[in-house]
Amino acid sequence: MIYPSNYRYTKDHEWCELVSDTRVKVGITDHAQSSLGDIVYLDLPKVGRELKSHETFGVVESIKAVSDLYSPLAGKVAETNADLVAEPSK
């Protein structure tokens, strides 16, 4: 598994990466993806939504389980990965 040193991780298997002074990229760890298995559905927040730290902001569904996604920090959603919503198995 890959654990980039510039990522910060949560106990819920989310990570965040500082992209600029005002932007952070968020995702789930390789461990979480491996544990879930084949991902079949992804629900992400709408652009502009204000999030609180540790707030549920989405859902990832696999053939094994449905899991909530938790925001590792507070902020506003600037964009989402539409390719993943269209093709969650990526």
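1. A quick definition before the sheets: two strands count as paired if DSSP finds at least two bridges between them. With that in hand, strand β6 (residues 56-62) and β7 are a clear case, since five bridges join them and they run antiparallel. Keep in mind while reading on that this is a predicted model.

2. Staying with that pair, look for Gly58 and its bridge partner in β7, which is Leu69. The wider setting is an open sheet of three strands, ordered β4-β6-β7, with antiparallel pairing. The edges belong to β4 (39-43) and β7 (66-70); each has a single partner strand, so one side of each has no neighbour in the sheet. From one strand to the next, the twist averages 20°.

3. Now for the other sheet. β1, β2 and β3 make an open sheet in that order, again with antiparallel pairing. Here β1 (7-9) and β3 (24-28) are the edge strands, and because each has a single partner strand, one side of each is left without a neighbour in the sheet. Neighbouring strands of this sheet are turned by 25° against each other on average, direction ignored.

4. Within that sheet, β2 and β3 pair in the antiparallel sense, and five bridges are found between them. If you want a landmark for the register, take Trp15, which stands opposite Gly27 in β3.

5. What does Leu18 belong to on the surface? Together with Val24, Val26 and Leu73, Leu18 forms a nonpolar patch there, and the four have about 310 Å² of accessible area together. Leu18 itself sits in strand β2 (residues 14-18). Is Leu18 buried or exposed? Its relative accessibility is 62%, and exposed means over 50%, so Leu18 counts as exposed.

6. Two histidines deserve a look at their backbone angles. As background, most residues other than glycine have a negative phi. His13, though, has a positive phi, near 70°. You'll find His13 in the loop between β1 and β2. Its relative accessibility is 33%, so His13 counts as partly exposed.

7. The second one is His54, whose phi is positive too, near 70°. His54 is placed in the loop between β5 (50-51) and β6. At 59% relative accessibility, His54 is classed as exposed. I'd put both loops on the list of places to view: the β1-β2 loop for His13, and the β5-β6 loop for His54.

Key:
Residues are numbered from 1 along each chain as its sequence is written. This is a predicted model: local features need pLDDT of at least 70, side-chain atom pairs count only at pLDDT 80 or more; totals for chains, interfaces and linings use all residues. Side-chain values use heavy atoms; hydrogens and water are left out. Patches are made of residues with over 30% relative accessible area and no salt bridge: like charges are joined within 9 Å, nonpolar side chains (Val, Leu, Ile, Met, Phe, Trp, Tyr) within 5 Å. Accessible areas come from the Shrake-Rupley method with a 1.4 Å probe; for residues, only the protein chains shown count as cover. A salt bridge is a side-chain nitrogen of Lys or Arg within 4 Å of a carboxyl oxygen of Asp or Glu. Helices (H or I, at least four residues) and strands (E, at least two) are DSSP runs, numbered from the N terminus. Buried means under 20% relative accessible area, exposed over 50%, partly exposed in between (1.4 Å probe, protein chains only). Axes are lines fitted to C-alpha atoms, for helices over the stretch in contact, and angles run from 0 to 180 degrees between N-to-C directions.
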